[in-house]
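Dear colleague,

I am passing on the structure below, and my notes on it follow. Please read them with the coordinates open beside you.

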Amino acid sequence: MATKFSHASRLTRIAVVAGFALGAPLTAPAFGQATAASPLVQGQISLADLAERVMPAVVNIAAVTTSETRGRTLPQLPQLGPDTPFGDLFEEFFNRRGQGQQNQQGERQAPQQRRSQSAGSGFVIDPSGIVVTNNHVIGDANEITVVFGDGLRLKAEVIGKDAKVDLAVLRVKHDKPLPFVKFGDSDKMRIGDPVMAIGNPFGLGGSVSSGIVSARNRDIQQGPYDTYIQTDAAINKGNSGGPLFNMAGEVIGINTAILSPTGGSVGIGFAVPSSLAMNIVDQLKEFGETRRGWLGVRIQNVDDATAEALGLGTARGALVAGIDDKGPAKPAGLEIGDVIVKFDGKDVKDSRDLPRIVAATPVGKDVPMQIMRKGKELTKTVKLGRLEDGEKVQQASAKPSAEVAKPAVTSALGLELSAQSEELRKRYSIKDGLKGVVITKVDSNSNAADKRILVGELIVEIGQEAVNSPEDVTKRIDALKKEGKKSALLLVSNGQGEVRFVAVSMN
């Protein structure tokens with residue numbers, strides 16, 4: 001049976017020790033330490049006091065979306081006259097299905113309203129009524145209600161939401177300060193640390209589950225900043241948006257998704273870490289939107305073969321495979337082929353680290369970054385732009401080149417290569433202005449085939465030097481072999497100009 005990731009929405013939240021209104025956040029005894037208020041139960045610490053203290057700050061989220069029911073597009077049919085068999089029947093059918101029903105006076109009725117409801121969880125982080133939940137819990141709801149454990153129901157307004165990390169911040173108003181919890185430091189959590197969740201699984205109301213941190217920095221392909229905490233604490237549908245707590249009663253995660261073949265908990269749940277969420281929540285509270293840093297590069301991961309070809313020693317950093325002409329990276333002096341190994345003092349262990357670090361860095365800040373270029377470490381400084389602005393920027397189209405390479409064919413690295421010609425550009429739909437050597441055949445038993453290099457693509461560089469003819473390719477390969485390299489780092493472009501680095505064995 002296939003497994004799948006799904007949102008834990010329509011579920012409950014998760015809570016632990018909370019600070020209540022007008023008071024400092026409460027603390028709990030160290031896990032494993034018995035007290036009079038938290039006695040040992042069959043060799044384990046009771047979590048009853050912990051759960052009781054934080055539950056008032058954990059809320060249910062009820063979201064209602066109202067939309068007009070629209071008729072389906074129907075095929076065009078011949079006009080049916082009054083004498084046509086079943087003509088009156090067809091007329092009534094299409095009036096009902098395609099154009100709306102009519103009343104007894106023959107007047108067309110207004111479109112019907114369709115209401116859909118969803119339920120999830122959330123938690124209060126400020127006594128004034130600031131509530132955090134998942135973006136997918138509220139969606140495009142027209143009406144949002146926050147329900148507290150004591151039955152208090154308050155209408156909520158959306159302050160801001162972020163689809164990339166699946167977070168939303170709401171505001172409710174009440175004449176008294178509300179119970180609240182505080183964020184903790186998820187970076188301090190270790191695999192095996194105990195955690196606790198409180199929520200509304202399947203609409204059953206406040207339910208407590210506990211477990212441990214099963215893993216950290218999980219990438220489940222849900223967004224560009226995936227770095228989930230994995231836990232075996234039971235998380236089911238309805239838990240989305242609820243907090244995951246450490247044993248000090250601090251929110252160290254926001255439950256968002258589960259891996260399950262059935263839709264129920266199988267002990268694999270995922271929470272957005274507080275280290276990622278806190279900055280986003282602060283931005284949504286202050287601006288009503290996110291303001292992420294933007295570098296303006298396209299990157300790819302560095303594997304062992306690429307690291308060897310670049311002389312990095314070990315696989316690390318983020319390899320720059322493209323640079324936005326209107327982005328901050330270009331005036332900062334970054335080049336295709338550079339490997340960013342440190343950004344704003346933070347190590348970039350792999351390509352997944354860089355987008356998260358850049359996004360969390362203030363817009364407009366002058367940021368130092370360490371790069372590796374042709375075996376040498378350099379320092380560059382970039383003034384970060386804003387990602388939301390960068391996403392609106394259209395890349396400039398390449399200008400046609402007047403250079404035309406002379407036809408030539410050769411074989412290397414399991415590839416058959418040819419200089420560009422008008423016939424090849426038409427055959428493989430190669431965009432005007434692109435430079436490089438055309439790949440006309442790929443040996444199915446070669447390492448190049450294993451790396452998914454395709455016929456019709458272009459080799460633009462080898463070993464970070466441009467190649468414009470098959471002869472250039474063979475010369476570069478011979479030079480790399482003399483340098484003792486085992487792999488050749490190719491910059492490969494498709495016909496539309498999108499490039500990537502591929503390390504191909506020269507053995």
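**Helix 11 and the spaces in the model**

In this predicted model, helix 11 covers residues 470-482, and because a rise of 1.5 Å a residue gives an expected span of 18 Å for its 13 residues, the 19 Å between its end C-alpha atoms agrees with that expectation. Its buried residues are Pro470, Val473, Arg476, Ile477 and Leu480, and since, seen down the axis of helix 11, these fall within an arc of 120°, they line one face of the helix. On the other side of helix 11, Lys475 and Lys482 are exposed. After the helix comes Gly484, which has a positive phi, near 85°.

Turning to the pockets, the second largest holds about 730 Å³ of space, and among the 27 residues of its lining, Asp187, Thr227, Ser275, Arg356 and Ile357 lie nearest the centre. Strand 11 (207-218), helix 4 (274-287), strand 20 (346-347) and helix 7 (353-359) each contribute at least two residues to that lining, with helix 4 giving the largest share, five residues. By class, the lining of this pocket comprises 11 charged, eight polar and eight nonpolar residues.

As for enclosed space, a search of the whole structure gives two cavities of 30 Å³ or more, and the second largest cavity contains about 40 Å³. Its lining is formed by Leu310, Leu312, Gly337, Val339, Met372, Arg373, Lys374, Gly375 and Gln464, which divide into four nonpolar, three polar and two charged residues.

With best wishes

Conventions:
Residues are numbered from 1 along each chain as its sequence is written. This is a predicted model: local features need pLDDT of at least 70, side-chain atom pairs count only at pLDDT 80 or more; totals for chains, interfaces and linings use all residues. Side-chain values use heavy atoms; hydrogens and water are left out. On a 1 Å grid over the protein atoms alone, a cavity is a set of points where a 1.4 Å probe fits but cannot get out, and a pocket is an open set with protein on both sides within 12 Å along at least five of seven lines; lining residues have an atom within 4 Å of a point. Grid points are joined across faces, edges and corners, and a volume is the space filled by probe spheres set on the points. Ala, Val, Leu, Ile, Met, Phe, Trp, Tyr, Cys and Pro count as nonpolar, Asp, Glu, Lys and Arg as charged, and the others, Gly among them, as polar. Helices (H or I, at least four residues) and strands (E, at least two) are DSSP runs, numbered from the N terminus. The expected span of a helix is 1.5 Å times one less than its number of residues. Buried means under 20% relative accessible area, exposed over 50%, partly exposed in between (1.4 Å probe, protein chains only). The arc is that of the directions from the helix axis to the C-beta atoms.
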